[in-house]
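Here is my note on this entry, set out as numbered points for your own reading of the coordinates. Please keep the model open alongside.

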Amino acid sequence: MKKGINCVSISYDEWRIYGTVWNYCDYTGLLENLLEDNKVILGGDILLYDENRELTSSGCGWYYQGESVLDSNIEAQKYLSSIEKWSSKETLYISIIIKGESTKK
């Protein structure tokens, strides 16, 4: 059963980045949903607020080069769980890149 996870925003104008932004604290449910949907996670970035209160990249992130839905999810879990201590000190957000589906004709 999918968990109800809400995105923070999908507006570039609001966040100054492309894609969907998620609360770090929701990453386990988000990864469960992506695994259930058979999505390959290519990587992601850790975002936080800068001194101007604008959401920006922290310079930290991860990537996955492969085709396995399960392995990509495990890599994301490993990375995101490794920054748990950091997240207890600062409010973090994540942006995840999903492999697009190819269209065959």
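1. In this predicted model, the contact between helices α2 and α3 is made by Tyr27, Leu31, Leu34 and Leu35 on the α2 side, which meet Val69, Leu70, Asn73, Ala76, Gln77, Leu80 and Ser81 on the α3 side. Sorted by class, this contact contains eight nonpolar and three polar residues, and no charged ones.

2. As for the geometry of the pair, the axes of α2 (residues 27–36) and α3 (residues 69–82) come within 10 Å and cross at roughly 175°. Because angles over 145 degrees count as roughly antiparallel, α2 is described as roughly antiparallel to α3.

3. The buried residues of α2 are Tyr27, Gly29, Leu30, Leu31, Asn33 and Leu34, and they pack not just against α3 but also against the strands β1 (22–23), β2 (41–49) and β4 (93–98). Just after the helix, Asn38 adopts a positive phi of about 55°, a backbone value that you may wish to inspect.

4. The largest nonpolar core comprises 17 residues, and those with the most contacts inside it are Leu31, Ile46, Trp62, Leu80, Ile94 and Ile96. Two or more residues each are given to this core by α2, β2, α3 and β4, with the largest share, four residues, coming from α2. In soluble globular proteins, nonpolar side chains tend to be buried together.

5. Which residues does Ile94 touch, not counting those up to four places away in sequence? The list runs through Thr20, Val21, Trp22, Asn23 and Tyr24, continues with Tyr27 and Leu30, and ends with Asp45, Ile46, Leu47 and Leu80. Of these, Tyr27 and Leu30 are also among the buried residues of α2, while Ile46 and Leu80 are named with Ile94 among the core residues with the most contacts.

6. Gly61 lies in strand β3 (residues 55–63) and is partly exposed, with a relative accessible area of 35%. Setting aside residues up to four places away in sequence, Gly61 touches Gly44, Asp45 and Tyr79. The C-alpha atoms of Gly61 and Ser95 are separated by 9.2 Å, although these residues are 34 residues apart along the chain.

7. On the cysteines, how many disulfides does the model contain, if the sulfur atoms of a pair must lie within 2.5 Å? The count comes to zero. Cys25 is exposed, with a relative accessible area of 62%, whereas Cys60 is partly exposed, at 29%.

Conventions: Residues numbered from 1 in each chain as written. Predicted model: local features only at pLDDT ≥ 70, side-chain atom pairs only at ≥ 80, totals over all residues. Heavy atoms only, no water. Axes fitted to C-alpha atoms, helices over the stretch in contact; angles between N-to-C directions. Parallel < 35°, antiparallel > 145°, perpendicular 65-115°, else oblique. Contact = heavy atoms within 4.5 Å. Nonpolar A, V, L, I, M, F, W, Y, C, P; charged D, E, K, R; others polar. Buried < 20%, exposed > 50% of the residue type's maximum accessible area, 1.4 Å probe, protein only. Disulfide = S-S within 2.5 Å. Core = buried A, V, L, I, M, F, W, Y, C linked by side-chain atoms within 4.5 Å.
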